[in-house]
Amino acid sequence: MDKLIIQGGVPLCGEIRISGAKNAALPILAATLLTDKPVLIGNIPHLHDITTTMELLGLMGSELMLDERMNIEVNNRNVDRLYAPHDLVKTMRASILALGPLLSRYGQAQVSLPGGCTIGSRPVDLHLKGLSAMGAQIEVNDGYIHAHSRRLHGAYINFDPVTVTGTENLMMAATLADGRTVIENAAREPEVTDLANCLNTMGAHITGAGTNRIEIDGVEQLNGASYDILPDRIETGTYLVAAAMTGGKVRLKNTDPSLLEAVLQKLSEAGAHISCDGSSISLEMETGAKPRAVDINTAPFPGFPTDMQAQFTAMNCIAEGRAVITENIFNNRFMHVGELRKMGADLELAKNHVVVNGVDKLRSDTITAKDLRASACLILAGLVAQGETLVEQVYHIDRGYETIEEKLMQLGAQIKRLP
Ligand code: UD1
């Protein structure tokens with residue numbers, strides 16, 4: 001399993017390009033199952049989760065063509081295996097996104113239950129309840145969701161709690177349903193809006209995406225389309241935190257500042273100078289200045305994203321002062337805390353809070369990445385630690401960050417991948 005070796009202490013400086021958003025690319029790839037016409041998707045990030053999704057589509061009978069710029073053309077005219085096996089779903093929970101489209105277009109689907117995962121229990125009960133309300137018959141046995149239906153019909157769905165992939169799954173299912181579906185307390189994440197925009201380009205009738213009430217008027221069929229994925233706000237935020245922690249100066253291109261206002265606000269509070277120019281964000285720390293500690297409270301969009309919590313925890317470890325981090329979305333998303341302590345960080349964990357007392361320096365150690373965003377956090381910690389940090393099990397990072405060590409090297413980091 002690959003490892004990363006990082007020599008800490010180098011301020012990150014320079015320019016890099018942000019990739020397309022993983023969490024938009026995954027549902028949009030699933031959405032291609034709603035049509036038998038070709039769909040061309042651009043700005044797809046080169047990631048393991050994308051490869052897994054392509055493998056899943058391929059198993060079902062999709063024809064996929066990839067060009068050298070990572071544009072993917074998906075043609076689902078010959079899909080005949082309406083099945084998502086456990087082996088693939090266990091490596092990527094987002095495989096559950098195949099359920100809504102398969103059921104809506106083909107009237108049946110068999111998808112493995114995602115089960116638990118390292119950051120919490122993460123059930124899919126709300127996806128299933130919503131599809132049942134639209135007329136699907138659903139049974140769960142032997143670890144599989146067995147769903148079938150005649151044409152789905154519109155329904156009134158009220159999510160509690162708000163769920164991102166749940167909103168996406170039902171929105172996709174509703175595009176081909178008979179009548180109007182209303183999703184109340186819908187997720188407002190930009191990736192939900194991106195999916196709705198893509199579906200509308202394919203001929204769907206969706207309004208209200210980006211608000212907490214989405215309405216979908218079902219149509220008889222969807223068409224092919226060409227669509228570019230929006231930039232990855234979590235990748236953007238991760239590199240900004242890396243620059244702030246190391247006292248650097250970076251410019252990130254091909255991103256969108258409006259996608260991460262809560263994150264930019266926290267970075268400014270931490271003492272970073274931020275300027276935005278169209279699709280670029282620049283961040284500069286004063287020479288020699290350490291970031292100030294900032295409290296974090298995760299919340300659904302437009303609140304502070306849970307996917308940035310671990311990175312801000314790393315920053316607070318070496319900040320001036322004391323911060324309280326509160327995780328409100330997932331019940332076990334502090335896997336990084338133990339590893340950060342090994343590096344000399346001062347953290348107290350109680351229920352869904354971590355109190356971080358900033359220390360002068362972190363020391364290097366051998367640390368293990370246990371989930372995607374925790375991996376990012378540990379790499380950031382390695383970038384400021386004294387000496388050489390070895391981050392093990394970096395396959396998690398490859399699920400969600402395109403060529404992370406190359407991008408960090410472009411910013412001057414001393415980082416190397418070892419097999
Ligand atoms: C998505 C993102 C993930 C992000 C998360 C929260 C993708 C592929 N993944 O995950 O990166 O961290 O949103 O922003 O887009 N819940 C239920 N029942 C359900 C569904 C969810 O109780 O049927 C609960 C979850 O346990 C969690 C909360 O709802 O406590 C929010 O989860 P959800 O928004 O569904 O996260 P994902 O869509 O899995």
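**Group meeting: the ligand and two helices**

Okay, let's start at the ligand: 19 residues surround it, and Asp-125, Thr-163, Thr-165, Asp-307 and Ile-329 come nearest, where being around it takes a heavy atom within 4 Å. Keep in mind that this is a predicted model, with local features needing pLDDT of at least 70 and side-chain atom pairs pLDDT 80 or more, while totals for chains, interfaces and linings use all residues. Residues are numbered from 1 along each chain as its sequence is written, and side-chain values use heavy atoms, leaving out hydrogens and water.

Now the polar contacts, meaning pairs of N or O atoms within 3.5 Å. Thr-165 has a side-chain N or O atom 2.6 Å from a ligand oxygen. For Asp-307, a polar side-chain atom also sits 2.6 Å from an oxygen of the ligand, and for Arg-333 the distance is 3.4 Å. On its own the ligand has 750 Å² of accessible area, and the protein covers 85% of that, by the Shrake-Rupley method with a 1.4 Å probe.

On to helices, which are DSSP runs of H or I, at least four residues, numbered from the N terminus. Helix α2, residues 48-60, reaches 19 Å between its first and last C-alpha, close to the 18 Å expected; that expectation is 1.5 Å times one less than the number of residues. Among its buried residues are Ile-50, Met-54 and Leu-57, buried being under 20% relative accessible area with a 1.4 Å probe, protein chains only. Right after α2 comes Gly-61, with a positive phi near 110 degrees.

And α7? Its buried residues include Val-192, Leu-195 and Cys-198. Just past α7, Gly-203 has a positive phi of about 110 degrees.

How values were computed
Helices (H or I, at least four residues) and strands (E, at least two) are DSSP runs, numbered from the N terminus. Buried means under 20% relative accessible area, exposed over 50%, partly exposed in between (1.4 Å probe, protein chains only). A polar contact is a pair of N or O atoms within 3.5 Å; within protein, one must be able to donate a hydrogen and the other to accept it, and residues adjacent in sequence count only if both atoms are side-chain atoms.
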